[in-house]
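I opened this entry to record a few lookups on cysteines, helix packing and one strand residue. The notes follow the order in which I checked things.

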Amino acid sequence: MDITSLYYFSELAKDLHMTRTANRLFISQQTLSNHILRLEEYYGTQLFYRKPSLSLTNAGEFVLAFANIVIKEETNLKDILGDIEQQERGVLRFGASSLRSNACLPTVLPKFSKKYPRIEMRITVANSSRLLPMVLNGELDFAVMLKTDPTPKLIFDDLMKDLTYFCIRDDLLRQYYGDQTEAFKERAVHGLDLLDISPRVPLCLLDNHIGREIQGYLDDSSICPTVYATSSDVEVSYSICCNGLAGSFISQMRLARHQGRIPDQVNIFPLSYRGKPIYQYMVLARHRDRYLSHYAKYFLDLLYQLFSETEEQHMGHKAPPHNPARTE
């Protein structure tokens, strides 16, 4: 029995498919099969049922739990010894959604790599529901995700309250508010209640966490909005807004990426519902038993700083009253 065999065993337990796992690990099926047979011979028991499809035996479930602990502790040991020897080699396994990866990594990675150029980054792009079990079972060192219920084995560090904004181009807004547009903008730039958006205003709704929350508020208030489009891609929704086709919803974290490039004619209003700001609560999840090396701590410090600075920015903006509307 060796750690490599345990690692291959744990990876096969994820896929339960010999060919897929071998291809993912860049080894032959025969090599993978030999490692599994070696473990079964060592423990004197069958770890997988081969038919009708690959599945863990009861013994295999116990060995998997043991393998996950051994792999995690071996990773910790490497990091501890690396710190003792002041080595600057290692691996960081980080996870976040596409939106949050794109929002934070372009800022964080150049600074991190400048100080630790020999640290390999392994980045997983997935939504929060997929990231949580990956941190739990040790596949990821940490992940940026939406706040969830407490889990005894995990630590959740608060990162930021990611405020939701409503964006709409000025010419489109004027179609529905006419002479009241400037007064509406003056109020809304400091905070716009979702219920104050006219149901006649065309909207691009989002098929994500923000979108589902907003749809829930609309349903609770018996409001049937005018839906121009629905998209799972925030950038598509933002583009629709900038082209004057519909109003859209966007998070502060994503807006911060566009800072300095937001068209003058696009109004950006902090959004609330019945007077309560609409936030997404973002956290950094990490395992309680995961040792944090000096380079891991530095990476986290960069993340904390970035999210803190982003949260402090006020992104509200109202289009100038006399500028002619134009397509950006």
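**Cysteines**

I began with C242, whose nearest cysteine sulfur is that of C241, at 5.0 Å, which is too far for a bond. The model is predicted, and I read the distance as a value computed from it. The cut-off for a disulfide is 2.5 Å between the two sulfur atoms, so I did not list C242 with C241 as one. I then looked through the whole structure for disulfides and found zero.

Next I asked whether C242 is buried or exposed. C242 has 8% relative accessibility, so I noted C242 as buried. I looked up C104 as well, and at 0% relative accessibility C104 is also buried. The limit I applied to both is under 20%.

**Helices α5 and α12**

C104 turned up again when I listed the contact between helix α5 and helix α12. I noted α5 as residues 98-115 and α12 as residues 294-312. Their axes come within 10 Å and cross at roughly 140°. That angle makes α5 oblique to α12, because the antiparallel class takes angles over 145 degrees. I recorded the crossing of α5 and α12 as right-handed.

Which residues make the contact? On the α5 side I wrote down A103, C104, L105, T107, V108, L109, K111, F112 and K115. On the α12 side I have Y295, Y298, F299, L302, L303, L306 and F307. Sorted by type, the residues of this contact are 13 nonpolar, one polar and two charged.

**Helices α7 and α8**

I then took helix α7, residues 170-177, with helix α8, residues 181-188. Their axes are 9 Å apart, and the packing angle is about 115°. The crossing of α7 and α8 is right-handed.

From α7, I listed D170, L173, R174 and Y177 as meeting T181, E182, F184 and K185 of α8. How many residues of this contact are charged? I counted four charged, with three nonpolar and one polar.

**T164**

My last lookup was T164, which I located in strand β6, residues 154-169. T164 has a relative accessible area of 0%, so I entered T164 as buried.

What is T164 in contact with, leaving aside its neighbours within four places in sequence? I found I210, I214, F249, I250, S251, F269, P270, L271 and I278.

Note on methods:
Residues are numbered from 1 along each chain as its sequence is written. This is a predicted model: local features need pLDDT of at least 70, side-chain atom pairs count only at pLDDT 80 or more; totals for chains, interfaces and linings use all residues. Side-chain values use heavy atoms; hydrogens and water are left out. Buried means under 20% relative accessible area, exposed over 50%, partly exposed in between (1.4 Å probe, protein chains only). Axes are lines fitted to C-alpha atoms, for helices over the stretch in contact, and angles run from 0 to 180 degrees between N-to-C directions. Helices (H or I, at least four residues) and strands (E, at least two) are DSSP runs, numbered from the N terminus. Angles under 35 degrees count as roughly parallel, over 145 as roughly antiparallel, 65 to 115 as roughly perpendicular and the rest as oblique. A crossing is left-handed if the near helix is turned anticlockwise from the far one by less than a right angle, and right-handed if clockwise. Contact means heavy atoms within 4.5 Å. Ala, Val, Leu, Ile, Met, Phe, Trp, Tyr, Cys and Pro count as nonpolar, Asp, Glu, Lys and Arg as charged, and the others, Gly among them, as polar.
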